[in-house]
Amino acid sequence: MRRSGKHEAVGEDKLIDNEIDKFLKRLSCAAIAIASLTLLFLFLHTPDTCVPHHAPRKPHLSFPKSTCDFSTRLYVPTEKRNLRLRYTRLWKAKVNSFSVLFRDLAILRNHSHVLCVSAGAGHEVDALHRLGVNEVTGVEILESPPLVGRADPHNLPFFDGAFDLAFTARFDEALFPARFAAEMERVVTSGGACFVLVAECGNDEVREVVGLFRNSKLVRSSNVSLSGTRMTSILMRTRDNSS
């Protein structure tokens, strides 16, 4: 009698387990079906654009249908984008500021070969071109065509004495100022000039800057305003090795 009672209890447990398994399977199937229907509903009712239907139509604009849709995004080359910037008011104001700075350089000629080091977007290059200087080269760590090419200011890819004048408005930002200065001097011809701008400073700081240019002597220094920022300009003449 005891054995038959045990068998009946085991049978009832298996029956309960089977019923629980069936219930869980049905519950899983129902959850999957609900989730699938929800996703289908969202897919069918997602608008093609984030612009309200009642908004005025702009046929020249097209919006992506999803984050993976790149077909409507137009790629604008860097050179074309930079050409657009050259017509903005801010660009013209900066170029005018550089033009005033360069106009006072008596050593600058139309046939001068000028190198602009760490030239950024090329405001100084544009200014020199507008003043009539034909041979102007601008370099920066990141190129900005058509005015500025790519080159490391600490390792310039030019022959010794290739330029009459080397200029930079970012000498303060040099990682290795002595190396930066040495490269500017190297690419300038004997008797040429190095022209740098630094944050506005006094005579002691000017002497420190000039001291980094070991093959040049100070011609003059003055406080100037560049796009509303007070700076100090330092003009140096490289020593003529032939004398």
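Colleague: Let me start with a single side chain. What is the relative accessible area of R179, and how is R179 classed?

Modeller: R179 has a relative accessible area of 41%, which means that it is partly exposed. Keep in mind that this is a predicted model. The class follows from cut-offs: under 20% is buried, over 50% is exposed, and partly exposed lies in between.

Colleague: With which residue does R179 form a salt bridge, and how far apart are the closest N and O atoms?

Modeller: The general idea is a distance test: a side-chain nitrogen of Lys or Arg has to be within 4 Å of a carboxyl oxygen of Asp or Glu. Here R179 pairs with E183, and their closest N and O atoms are 3.9 Å apart. The partner is covered: E183 has 4% relative accessibility and therefore counts as buried.

Colleague: Where do R179 and E183 lie, and how many residues apart are they?

Modeller: Begin with the helix itself. An α-helix has 3.6 residues a turn, so residues three or four places apart point the same way. In this case both R179 and E183 belong to helix α5, residues 177–186, and they are four residues apart, about one turn of the helix. The pair is also part of something wider, since D160, R179, E183 and R186 are linked in a network of salt bridges.

Colleague: How many salt bridges are there by this rule?

Modeller: The count is eight. One of the others lies within helix α6: D204 bonds with R207 in a salt bridge, the closest N and O atoms being 2.3 Å apart. D204 and R207 are three residues apart, again about one turn of the helix. D204 is partly exposed because its relative accessibility is 49%, whereas R207, at 54%, counts as exposed.

Colleague: What does the salt bridge of R230 with E200 tie together?

Modeller: Look at the distance first, then at the sequence positions. The closest N and O atoms of R230 and E200 are 3.6 Å apart. R230 sits in strand β7 (residues 229–238) and E200 in the loop between β5 (188–199) and α6 (203–212), so this salt bridge ties together parts that are 30 residues apart in sequence. R230 is partly exposed at 43% relative accessible area, and E200 is partly exposed at 41%.

Colleague: Back to α6. Which residues of α6 are buried?

Modeller: A good way to read a helix is to look down its axis and see where the covered residues fall. In α6 the buried residues are V206, V209 and V210. Seen that way, the buried residues of α6 fall within an arc of 100°, so they line one face of the helix. R207 and E208 are exposed on the other side of α6.

Colleague: Which residues make the nonpolar surface patch?

Modeller: I16, I20, F23, L24 and L27 make a patch of about 490 Å². I20 belongs to helix α1, residues 2–45. With a relative accessible area of 43%, I20 is partly exposed.

Colleague: Which residues does the UniProt annotation "transmembrane region" cover?

Modeller: An annotation comes from a record, and its range can be set beside the coordinates. The unreviewed UniProt entry gives residues 23–44 as a transmembrane region. In the model, residues 23–44 are 100% helix and 0% strand, with the end C-alpha atoms 32 Å apart.

Colleague: How many disulfides does the structure hold?

Modeller: It holds zero. The accessibility of a cysteine is a separate reading. C29 counts as exposed because its relative accessibility is 53%, while C194, at 0%, counts as buried.

Colleague: Now the backbone. Which residues does the cis peptide bond join?

Modeller: P145 and P146 are joined by a cis peptide bond, and omega is about 10°. P146 is in the loop between β2 (135–140) and β3 (148–150).

Colleague: What is the phi of S118, and what is the phi of S227?

Modeller: The point to check is the sign of phi in a residue that is not glycine. For S118, phi is positive, near 50°. S118 lies in the loop between β1 (113–117) and α4 (123–130), and at 9% relative accessibility it counts as buried. For S227, phi is about 55°, also a positive value in a residue that is not a glycine. S227 is in the loop between β6 (216–226) and β7, and counts as partly exposed because its relative accessibility is 43%.

Conventions: Residues are numbered from 1 along each chain as its sequence is written. This is a predicted model: local features need pLDDT of at least 70, side-chain atom pairs count only at pLDDT 80 or more; totals for chains, interfaces and linings use all residues. Side-chain values use heavy atoms; hydrogens and water are left out. UniProt positions are given in the numbering used here, feature names are shortened, and annotations may be inferred rather than shown by experiment. Helices (H or I, at least four residues) and strands (E, at least two) are DSSP runs, numbered from the N terminus. A disulfide is a pair of cysteine sulfur atoms within 2.5 Å. Buried means under 20% relative accessible area, exposed over 50%, partly exposed in between (1.4 Å probe, protein chains only). Patches are made of residues with over 30% relative accessible area and no salt bridge: like charges are joined within 9 Å, nonpolar side chains (Val, Leu, Ile, Met, Phe, Trp, Tyr) within 5 Å. Accessible areas come from the Shrake-Rupley method with a 1.4 Å probe; for residues, only the protein chains shown count as cover. The arc is that of the directions from the helix axis to the C-beta atoms.
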